[in-house]
Structures are given as structure tokens and as C-alpha cells.
Amino acid sequence: MALLATTAHFGPPRSKANTLLLVLCGVWALRLGTYLFLRIHRDGADKRFAKIKTSFMRFGMSWTLQGLWVFLALCPVIVVVGSAQWHHASIWTAVGAALWCIGFGVEIVSDWQKWQFRASSGSAGQFIQTGLWAWSRHPNYAGEILLWTGIFIICVPMLEGRQWVAAISPLFTLLLLTKVSGVPMLEASADARWGSRPEYADYKKRTPVLW
């Protein structure tokens, strides 16, 4: 945080590129927050935390890790928006915004498809393997990684010197979701539930983890 403080001048957005970054991050936060709230309201609990929340240390670490992820994911935005320099839109802005839109769209569609699947009759005890889930076992995470990569690409021409520490954003998101709290937890849970079923083994064999 000290490093970011030495490179940032926190103030109002100074260009359309800066404003775009704030809008994209705001839309992401609003969409994800609304979706998670509605899911908890529907299910009554988040089963991912069923065991973790019985331990104060594990539960605290989980929330701390999520807070760290949000901070690190926002690093390029904090650096760029907090900069005293004027940042013009460029081809990097267009490419990054396009990638963000693709990732955001994939995340929305995959979450909606899974929501509809769980709401359908006969889905109890079954796993989703239709729609985007026929192409990826975790399309929502694939979308999340893509959109944060897009955010970083928008920021690329605006970074200089020590500000390149912001490159940790897409790398940390990728490592967190594929090696720590995302894919590993869900894969282990799915293997425990359906690992003995031939159709699930076939699904895993023909469907990549992300893309």
C-alpha cells in the first residue's frame, strides 16, 4: 500500500479512460454483489463456508483473502485513477474494454444458466453440463479472469516505473481462482458428489477446466 501511495494522487477522474475504469469496476461490483445476495437469499446459506465458519481463524483468513484479492485486483485502477497525469483513450482502451465485455458477458450468462438449472425440476443431485458449462467446467471463473485482464490492458499505456507492480492484478486473480479458493474447492466438492458416476468422469474428460 505504501508503494501505491507514493505513486498515486487521489482525486477526481482526469480522462475518459479513467472514468471508463471506474464505471467498469462499479458495474462489476454491483452485478456480483447483487448476484451473491440473491443466491444467499435463495439458498439460505453459502455452503462453501459451511465448515470454514466453524473456525474463527479459517473464516477470518477466508474473508481476509477475499479482501486482499479485491485490493490487488484493483491495483491498476487505483494507480491510474489516482495518478496526476491526463490519460487519453487508445487502442489499449478499446482492446481492454472489449475483453472486459467478453469476460463480463461470459460470467453473467454462465451464472444465469446455472441459476436456471438449479431452479429446474429434476436438477437435484445432478450437475450442469449444458450451455457454456458444456465448453468449460468453470465458465464463470473464466469470465472473471478475462474481465480483470481487460482492466489491466486498459491501464497498460498509463503505467510507468514502479507502477508496473499493478501487473499483479490479473496474475493474482488467475492464481487465486485456479490454485487456491476457486477451482480446487469446487472440483473437490464435485468429485466427492459425482466422482463415482461414469457420466461425470466423461464430462471431466471432454470439458476443460476453464477454456
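Start with the whole chain: of its 211 residues, 39% count as buried. Buried means under 20% relative accessible area, exposed means over 50%, and partly exposed lies in between (1.4 Å probe, protein chains only). This is a predicted model, where local features need pLDDT of at least 70 and side-chain atom pairs count only at pLDDT 80 or more, while totals for chains, interfaces and linings use all residues. Residues are numbered from 1 along each chain as its sequence is written, and side-chain values use heavy atoms, with hydrogens and water left out.

**Whole chain**

Switch to a surface view. The chain exposes about 11,700 Å². Carbon and sulfur atoms supply 70% of that area. Accessible areas come from the Shrake-Rupley method with a 1.4 Å probe; for residues, only the protein chains shown count as cover.

Now go to cartoon. The chain has nine helices and zero strands. Along the sequence the pattern reads α-α-α-α-α-α-α-α-α. Helices (H or I, at least four residues) and strands (E, at least two) are DSSP runs, numbered from the N terminus.

Contacts come next. A contact means heavy atoms within 4.5 Å. Among contacts with a separation of 6 or more, 79% join residues 24 or more positions apart.

**Stop 1: α2 against α5**

Select residues 16–43, which form helix α2. Add residues 91–119, helix α5. Two packed helices are described by the angle between their axes and the distance between the axes. Here the angle is about 10° and the axes are 12 Å apart. Axes are lines fitted to C-alpha atoms, for helices over the stretch in contact, and angles run from 0 to 180 degrees between N-to-C directions. So α2 and α5 are roughly parallel to each other. Angles under 35 degrees count as roughly parallel, over 145 as roughly antiparallel, 65 to 115 as roughly perpendicular and the rest as oblique.

Show side chains at the contact between α2 and α5. On α2, pick out Leu20, Leu24, Val27, Trp28 and Tyr35, among others. On α5, the contact residues include Ala97, Trp100, Phe104, Ile108 and Trp115.

**Stop 2: Arg31 and its partners**

Stay on α2 and center on Arg31. Is Arg31 buried or exposed? Arg31 counts as buried, because its relative accessibility is 15%. Leaving aside neighbours within four places in sequence, Arg31 is in contact with Phe104, Glu107, Ile108 and Asp111.

Side chains of opposite charge can pair when their charged atoms come close. A salt bridge is a side-chain nitrogen of Lys or Arg within 4 Å of a carboxyl oxygen of Asp or Glu. The structure holds seven salt bridges.

Draw a distance from Arg31 to Glu107. Their side chains meet in a salt bridge, 3.6 Å from N to O. This pair links distant parts of the chain, with Arg31 in α2 and Glu107 in α5, 76 residues apart. Glu107 counts as buried at 5% relative accessibility.

Draw another from Arg31 to Asp111. This is also a salt bridge, with the closest N and O atoms 2.9 Å apart. Arg31 lies in α2 and Asp111 in α5, so the pair ties together parts that are 80 residues apart in sequence. Both residues, Arg31 and Asp111, are buried.

**Stop 3: Asn140**

Select Asn140 in helix α6, residues 139–155. Asn140 counts as buried, with 14% relative accessibility. Not counting residues up to four places away in sequence, Asn140 touches Glu107, Ser110, Asp111 and Trp133.

**Stop 4: Trp92 and its patch**

Return to α5 and select Trp92. Trp92 is partly exposed, with a relative accessible area of 39%. Add Ile91 and Val95: with Trp92 they make a nonpolar surface patch of about 300 Å². Patches are made of residues with over 30% relative accessible area and no salt bridge; like charges are joined within 9 Å, nonpolar side chains (Val, Leu, Ile, Met, Phe, Trp, Tyr) within 5 Å.

**Stop 5: α3 against α7**

Select residues 56–73 (α3) and 168–180 (α7). They pack at about 150°, with axes 8 Å apart. Therefore α3 and α7 are roughly antiparallel to each other. Leu65, Leu68, Trp69, Leu72 and Ala73 in α3 meet Ile168, Ser169, Phe172, Thr173, Leu176 and Val180 in α7.

**Stop 6: the salt-bridge network**

Finish with Arg137, Glu187, Asp191 and Lys204, which are linked in a network of salt bridges. Zoom in on Asp191 and Lys204, whose side chains meet at 3.0 Å, N to O. Asp191 lies in α8 (residues 183–194) and Lys204 in α9 (residues 198–206), so the pair ties together parts that are 13 residues apart in sequence. Asp191 is partly exposed at 35% relative accessible area. Lys204 is partly exposed at 26%.
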